[in-house]
Amino acid sequence: MAKQNIAPTKSNLLSLKEQLAVSTEGYDLLEQKREILVMELMRLVERVKLLEKDIDKCIAKAYPSLKSMLLSMGGDRVEKIGSLVNYEFKLTKKPLVIGGMSFTSIDVQLPKKQLFSSFIGTAPENDQVMGDFFQLLSLLTQMASIRTIVWRLAMEVKKTQRRVNALDKMVIPQTKETVKYIEGVLEERERDNIFVLKSLKKGRT
């Protein structure tokens with residue numbers, strides 16, 4: 001590892017030792033941060049996998065039910081029933097801190113489900129279909145929120161890893177090499193000074 005191009009003086013040696021101490025402490029803190037972020041990332045990835053399974057199950061249930069309703073009642077009739085249904089959904093933002101990072105989680109507040117099977121020309125299956133799609137909407141909202149957080153966490157892990165590598169592979173080794181070089185030069189100068197002083201002392205006696 002190449003040393004830094006710096007004059008071998010005592011003041012520079014002290015400054016480099018301080019930099020080395022700060023760099024070493026920074027490396028330890030960044031490594032801890034990276035480990036925490038990776039753990040949180042893995043936890044959220046597992047949650048995404050579970051959500052994907054729930055979404056697949058919900059889709060496998062909701063769309064066949066909708067298709068069955070369309071076949072039994074006809075598209076025009078279903079559309080007419082749909083025009084009578086009026087639901088309002090509320091999206092709320094919630095602050096979230098993961099691994100020291102601030103995120104915004106999005107939740108959907110589903111309206112209270114109403115029963116429309118009492119309408120003329122409707123059946124209980126209509127309410128079931130709406131309930132299934134309410135559940136799907138909730139799951140998709142959760143997935144969108146978590147995927148955004150996962151993407152940001154992954155970017156932060158990558159950024160932190162680059163900083164850890166820079167300290168571990170470049171900054172710290174280079175600083176250590178420079179400290180070692182300056183200490184060697186100063187020790188050599190000290191020996192030369194001692195030799196000169198002894199020589200002068202001998203010359204006076």
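In the predicted model, strand 1 (residues 90–98) and strand 2 (residues 101–109) run antiparallel and are joined by nine bridges. At one end of this pairing, Lys-90 of the hairpin has Gln-109 of strand 2 standing opposite. Ile-98, in turn, stands opposite Met-101 in strand 2. Two residues lie between the strands of this hairpin, and Gly-99 adopts a positive phi near 60° there.

Pro-95 belongs to strand 1. With a relative accessibility of 70%, Pro-95 is classed as exposed, because the cut-off for that class is over 50%. The C-alpha atom of Pro-95 is separated by 8.9 Å from that of Ile-106, a residue eleven positions away along the chain.

The hairpin is set within a protein of three helices and two strands. Read from the N terminus, the order of these elements is α-α-β-β-α. The protein has 205 residues, of which 29% are buried. Among contacts with a separation of 6 or more, 78% are made by residues 24 or more positions apart.

The largest nonpolar core comprises 18 residues. Within this core, the residues with the most contacts are Leu-44, Ile-98, Phe-103, Ile-146, Ile-149, Val-150 and Leu-153. At least two residues of the core come from each of helix 1 (10–73), strand 2 and helix 3 (124–204). Helix 3 provides the largest share, with eight residues. Val-150, one of the residues with the most contacts inside the core, also illustrates contacts beyond its own stretch of sequence. When neighbours within four places in sequence are set aside, Val-150 is in contact with Leu-41, Leu-44, Val-45 and Val-48. Leu-44 thus appears both in this set of contacts and among the residues with the most contacts inside the core.

Two further residues of helix 1 were examined for accessibility and for their separation from residues much later in the sequence. Met-42 is located in helix 1. Its relative accessibility of 53% places Met-42 in the exposed class, since that value is over 50%. Between Met-42 and Ala-154, which are 112 residues apart along the chain, the C-alpha separation is 9.8 Å. Arg-43 is likewise found in helix 1. At 45% relative accessibility, Arg-43 is classed as partly exposed, because this value falls between the 20% and 50% cut-offs. The C-alpha atoms of Arg-43 and Val-150 are 9.7 Å apart, although 107 residues separate the two along the chain.

The second largest pocket has a volume of about 170 Å³. Its lining consists of 13 residues, and those closest to the centre of the pocket are Arg-47, Leu-96, Ser-105, Ser-145 and Ile-146. Helix 1, strand 1, strand 2 and helix 3 each contribute at least two residues to the lining of this pocket. The greatest contribution is that of helix 3, which supplies four residues. Classified by residue type, the lining of the second largest pocket contains six nonpolar, three polar and four charged residues. Ile-146 is listed among the residues closest to the centre of the pocket and also among those with the most contacts inside the largest nonpolar core.

Notes. Residues numbered from 1 in each chain as written. Predicted model: local features only at pLDDT ≥ 70, side-chain atom pairs only at ≥ 80, totals over all residues. Heavy atoms only, no water. Pairing = 2+ DSSP bridges. Core = buried A, V, L, I, M, F, W, Y, C linked by side-chain atoms within 4.5 Å. Buried < 20%, exposed > 50% of the residue type's maximum accessible area, 1.4 Å probe, protein only. Contact = heavy atoms within 4.5 Å. 1 Å grid on protein atoms, 1.4 Å probe; cavity = no way out; pocket = protein on both sides within 12 Å on 5 of 7 lines; lining within 4 Å. Points joined across faces, edges and corners; volume = space filled by probe spheres on them. Nonpolar A, V, L, I, M, F, W, Y, C, P; charged D, E, K, R; others polar.
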